[in-house]
Amino acid sequence: MSVEVKHASKVNGIKSNGAEETVESKPKLQSRDQMVICKLCCDLYKQPVTLRCLHSFCNSCLRDAQDSKSDTIRCPKCNEEIKGLPYADLRLAKMVKLYQTKVPECANCHEANSSCKCKQCDVALCSACWTLTHSHRIFKDHVRSDILKGEEGFEVCKEHPKTSAEFICIDCVVTVCHACILRGSHVNHKYHSVEVHRRNEQERYAETVAAAQGTKQKLIAAISSVNKRVESLEKNYMSVCAEIEQHFGALQSAIEARQDALLRENKRIRDKKRVNLLEQNVEFEKALGKIAETVDRSKEIVTYAFDDELTKCVDFISERMDSVLELPSTNPLVCTKCDFKVPTYYYFFLRSYWYSVRAI
């Protein structure tokens, strides 16, 4: 699409001769002109349609953005599921047509497209230059008209194309001129001037926005409350984590201390029993030596004894053998209970620890 644009001398640094040039590429549009730009194709609206979420798109762009397998319409911008069909936005179509036919350059800065026109000064200005030049008291009676609405800020009457539509028919909800009201098809219909109608509708719109603002404030308060609860939840979580770590740290320290005590006690019992067992082993070895010595000696005595002394020798050897065969006294705690078992009180300690863990 070719769009006619003027090269501003301050932007390009070249003196402008006022001639209009045709540029094949799309011009970089000002932010104030985004009202006539489709958010999907980034071009001027073609057959614009508006959804119930108040977002507008080209009809073809909206159709291409939908899922072919779905029976519902979803807004490409806010992703809201829309009930009902989009409606053709004639207002946007008319604004695009006016934008394409005449969007004069700002008469003051020569850098931006004009968005309004002063009826008394008969100059077209951008919004910034209007504020700059018409903010003084001497311009308080000057009337500002929107350049996109047509001549002098009014739309053109559909029945009388050469006349501005300065009124709106309440019954038909269409803009009409004074001829339509006096002698045309809207005689005896209720009507208001465009200014009065716009003021009334703006007041109704303000009431709707006020209700929305009330809901907005409630939502903001709810969000703030949820955020506070999230912060409180996080603090409680950290506090419980610290308490758990502290509790289990104390339990672990107690278990380790008890483990060391039991290991030391176990080692002490083992060392004591080992000493007793070694002492008894020495006694047994002594007894074994006495028995071996007695047997050897008794063989010599019986072998070399005289016949008349043999009876006395055997009696003496028997008495000696009886004394040697007596086993040395043993410690029953060492000899009969030398298996190292875990003390009973340790099980009581483990049971107390388990109940404390379950209580958490």
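Lysine 267 is partly exposed in this predicted model, with a relative accessible area of 47%. Its side chain meets that of aspartate 271 in a salt bridge, at 3.2 Å from N to O. Aspartate 271 is likewise partly exposed, with a relative accessible area of 28%. The two residues are four apart in helix 6, so about one helical turn separates them. The pair also belongs to a wider arrangement, as Lys267, Arg270 and Asp271 are linked in a network of salt bridges.

Helix 6, which spans residues 194–304, holds another such pair: glutamate 201 and arginine 204 lie three residues apart, about one turn of the helix. Their side chains form a salt bridge of 2.7 Å, N to O. Glutamate 201 is partly exposed, at 30% relative accessible area, whereas arginine 204 is exposed, at 52%. A further salt bridge joins lysine 46 to aspartate 43, with the closest N and O atoms 3.5 Å apart. Here lysine 46 is partly exposed, with 46% relative accessibility, while aspartate 43 is buried, with 12%. The count of salt bridges comes to eight. In general, side chains of opposite charge can pair when their charged atoms come close.

Turning to the interior, the largest nonpolar core has 19 residues, and Val36, Cys38, Leu44, Tyr45, Leu51 and Phe57 have the most contacts inside it. Strand 4 (56–58), helix 2 (59–65) and helix 3 (90–101) each give two or more residues to this core. Helix 3 gives the most, with four residues. Beyond its neighbours within four places in sequence, phenylalanine 57 touches a series of residues, including Cys38, Tyr45, Leu51, Leu62, Cys75 and Pro76. Apart from this core lies another, of nine residues, among them Cys106, Cys126, Cys129 and Trp130.

An open sheet of three strands can also be followed, in the order 9-8-10 and with antiparallel pairing. Strand 9 (123–125) and strand 10 (144–146) are its edge strands, each pairing on one side only. On average, neighbouring strands of the sheet are turned by 35° against each other, direction ignored. Strand 8, residues 116–118, is joined to strand 9 by three bridges, and cysteine 116 stands opposite leucine 125 in strand 9.

For the protein chain as a whole, there are nine helices and 15 strands. Of its 360 residues, 20% count as buried. The chain exposes about 27,200 Å², of which carbon and sulfur atoms supply 55%. Among contacts with a separation of 6 or more, 41% are between residues 24 or more positions apart.

How values were computed. Residues are numbered from 1 along each chain as its sequence is written. This is a predicted model: local features need pLDDT of at least 70, side-chain atom pairs count only at pLDDT 80 or more; totals for chains, interfaces and linings use all residues. Side-chain values use heavy atoms; hydrogens and water are left out. A nonpolar core is a set of buried Ala, Val, Leu, Ile, Met, Phe, Trp, Tyr and Cys residues joined through side-chain atoms within 4.5 Å. Buried means under 20% relative accessible area, exposed over 50%, partly exposed in between (1.4 Å probe, protein chains only). Contact means heavy atoms within 4.5 Å. Two strands pair if DSSP finds at least two bridges between them. Axes are lines fitted to C-alpha atoms, for helices over the stretch in contact, and angles run from 0 to 180 degrees between N-to-C directions. Accessible areas come from the Shrake-Rupley method with a 1.4 Å probe; for residues, only the protein chains shown count as cover. A salt bridge is a side-chain nitrogen of Lys or Arg within 4 Å of a carboxyl oxygen of Asp or Glu.
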